[in-house]
Amino acid sequence: MDQIRDFEIGSDRIDLKQIFDDLPDRYSSATDINRFTEYVQLIQQGANTEVRIDLAGNTGDVFRPRLTIENTAPADHSASDDIVGKGR
C-alpha cells in the first residue's frame, strides 16, 4: 500500500481517474461524485486517512486499502477538492 507523507490539503490532488477509466463497465456511475461515494471509502486509521477502493465496482462491495495519507482526517478530503475520479 502506498503512503503519502506530505499531503497538503487544498494544494495536492489524488487522481483516481485511471482506475475508473481503465474499467468503465465496472465503474459506471453517472457522475464523478457518484463514483466517489459508491467506490471510494475514507477511513480514519490513527492519525492518518486510509483510502479504500471497491475493486469489484458494480459487481459487489470489495473495498481494499490502496493508500494512506499521513496526518489527515477523512473530513479533510472531498471528491471535489482533492480526490479526483473524473471519467472520460
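Contact means heavy atoms within 4.5 Å. The views below show a predicted model.

**View 1. Thr 68 and its contacts in strand β5.** Thr 68 is found in strand β5. Setting aside residues up to four places away in sequence, Thr 68 touches Met 1, Asp 2, Gln 3 and Ile 4. Thr 68 also touches Asn 48, Thr 49 and Glu 50. Is Thr 68 buried or exposed? Its relative accessibility is 9%, so Thr 68 counts as buried. The cut-off for buried is under 20%.

**View 2. Pro 65, also placed in strand β5.** Strand β5 covers residues 63-69, and Pro 65 lies in this strand. Which residues does Pro 65 contact, leaving aside neighbours within four places in sequence? They are Met 1, Glu 50, Val 51 and Arg 52. Pro 65 has a relative accessible area of 34%, so it is partly exposed. Partly exposed is the class between buried, under 20%, and exposed, over 50%. Now look at Asp 54, eleven residues from Pro 65 along the chain. The C-alpha atoms of Pro 65 and Asp 54 are separated by 9.0 Å.

**View 3. The salt bridge of Arg 52 and Glu 50.** How many salt bridges does the structure hold? It holds two. Here, Arg 52 pairs with Glu 50. Their closest N and O atoms are 2.5 Å apart. Glu 50 has a relative accessible area of 9%, so Glu 50 is buried. Arg 52 has 23% relative accessibility, so Arg 52 counts as partly exposed. Both residues are also among the contacts of Pro 65. Glu 50 is one of the residues that Thr 68 touches.

**View 4. The salt bridge of Glu 70 and Arg 5.** The side chains of Glu 70 and Arg 5 meet at 3.6 Å, N to O. This pair links distant parts of the chain, 65 residues apart. Where does each partner sit? Glu 70 is in the loop between β5 and β6 (83-84). Arg 5 is in the loop between β1 (2-4) and β2 (14-15). Glu 70 has 18% relative accessibility, so Glu 70 counts as buried. Arg 5 has 59%, so Arg 5 counts as exposed.

**View 5. Confidence along the chain.** The mean pLDDT of the chain is 82. Of its residues, 85% reach 70 or more. Which element has the lowest mean pLDDT, and which the highest? Strand β6 has the lowest, at 66. Strand β1 has the highest, at 94. Where pLDDT is low, the predicted coordinates should not be read in detail.

Note on methods. Residues are numbered from 1 along each chain as its sequence is written. This is a predicted model: local features need pLDDT of at least 70, side-chain atom pairs count only at pLDDT 80 or more; totals for chains, interfaces and linings use all residues. Side-chain values use heavy atoms; hydrogens and water are left out. Helices (H or I, at least four residues) and strands (E, at least two) are DSSP runs, numbered from the N terminus. Buried means under 20% relative accessible area, exposed over 50%, partly exposed in between (1.4 Å probe, protein chains only). A salt bridge is a side-chain nitrogen of Lys or Arg within 4 Å of a carboxyl oxygen of Asp or Glu. pLDDT is the predictor's confidence in each residue, from 0 to 100.
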